[in-house]
Amino acid sequence: MNFLKIFTPITIAIFLIIFDYKFSYLNNLRQSVATLISPIYMVVSLPEKLYTWINEQGTSKEQLLNDNQSLNNELLKLKVKLQHRDALALENKKLNTLLESSYGLQQASFTVARIESVSRSRLKKQIVINKGGNDNLKVGQVALGANGVLGQITQTTPTNASILIVSDPTQYIPIKNVRNGVQGMSQGIAEDKHQLLVRFIEPESDIKIDDIFVSSALGSKFPNGYPVGRVTDVEQRKNESFMHVTLEPMQQIYDLEFVIILDAL
């Protein structure tokens, strides 16, 4: 009896398998049963799917953050490279402007140096450059900018040199008027302004606003013919023996980065 209980279901199962394999009569039944129990599969698999989704979201967010950080790093590197390229282009432009100055260098031997610091108090106006005794620079050599005379070296170290600029009150430069040759002596003004006074101009001399004064070889202190300043004010003051003439230096220093140091005269 027990044998029949076991054998009968096995026989029916084998019969149904063979019958379905030959004639596919149970396809519809299987489809209906699958449709019926699909919600059960969905509920059973929901925890695993939820875990997978959460894990993917966390991984995706972390990956996005990492990708974003990498892109930001690359962008920063590109910006730095671009700034460096722009800086080199600007530096090259400034050097070309300096070497192609409108006044033209009257001697071929000179040294190009970079400005490291600028000091402009009322009583002391000077700059420090990045070359000195090791580069054969000496006290007394004249410094030029792209537009004219900047000053004169007053002190050197092996690696640096100090240049007293034309507007320092202790700096005197023999000058002459380009238009008519009238000569005088420029002196810096002891104030914050970047201006010069012209000494020893005789009364009634032909001096006009916008006249250009250039360096004179008188005294062999400065080379001849380099622009020094432009006249901004002319007046004859009472009880003064000479005319009061004010110049604006041709070479400003607020945007200057490189200078030319002429060899000794």
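User: Hi! Before we dig in, what does it take for two strands to pair here?
Analyst: Happy to help! Two strands pair if DSSP finds at least two bridges between them. Keep in mind that this is a predicted model.

User: Got it. In β12, which residue is the bridge partner of A143?
Analyst: That would be I261. A143 belongs to strand β3 (residues 142-144), which runs antiparallel to β12 and is joined to it by two bridges.

User: And how many bridges join β1 to β12?
Analyst: Five bridges link β12 with strand β1 (residues 110-120), and these two also run antiparallel. As an example, V112 stands opposite I260.

User: Is β12 buried or exposed, then?
Analyst: Five of the five residues of β12 are buried, so the strand is largely enclosed by the rest of the structure. Both of its faces are covered: F258, I260 and L262 are buried on one side, and V259 and I261 on the other.

User: Switching topic: where is Q251 found?
Analyst: Look in the loop between β11 (244-249) and β12 (258-262).

User: Why would Q251 be called buried?
Analyst: Because its relative accessible area is 3%, and buried means under 20%.

User: What does the side chain of Q251 reach?
Analyst: The backbone nitrogen of A146, at 3.0 Å.

User: Nice. Which residues is Q251 in contact with, leaving aside its neighbours within four places in sequence?
Analyst: With those neighbours set aside, Q251 is in contact with G145, A146, N147, G148, V149 and L150, along with H194 and L256. So A146 turns up both in that list and as the residue whose backbone nitrogen the Q251 side chain reaches.

Definitions and conventions
Residues numbered from 1 in each chain as written. Predicted model: local features only at pLDDT ≥ 70, side-chain atom pairs only at ≥ 80, totals over all residues. Heavy atoms only, no water. Helix = DSSP H or I, 4+ residues; strand = E, 2+ residues; numbered from the N terminus. Buried < 20%, exposed > 50% of the residue type's maximum accessible area, 1.4 Å probe, protein only. Polar contact = N/O pair within 3.5 Å; in protein donor to acceptor, adjacent residues only side chain to side chain. Contact = heavy atoms within 4.5 Å.
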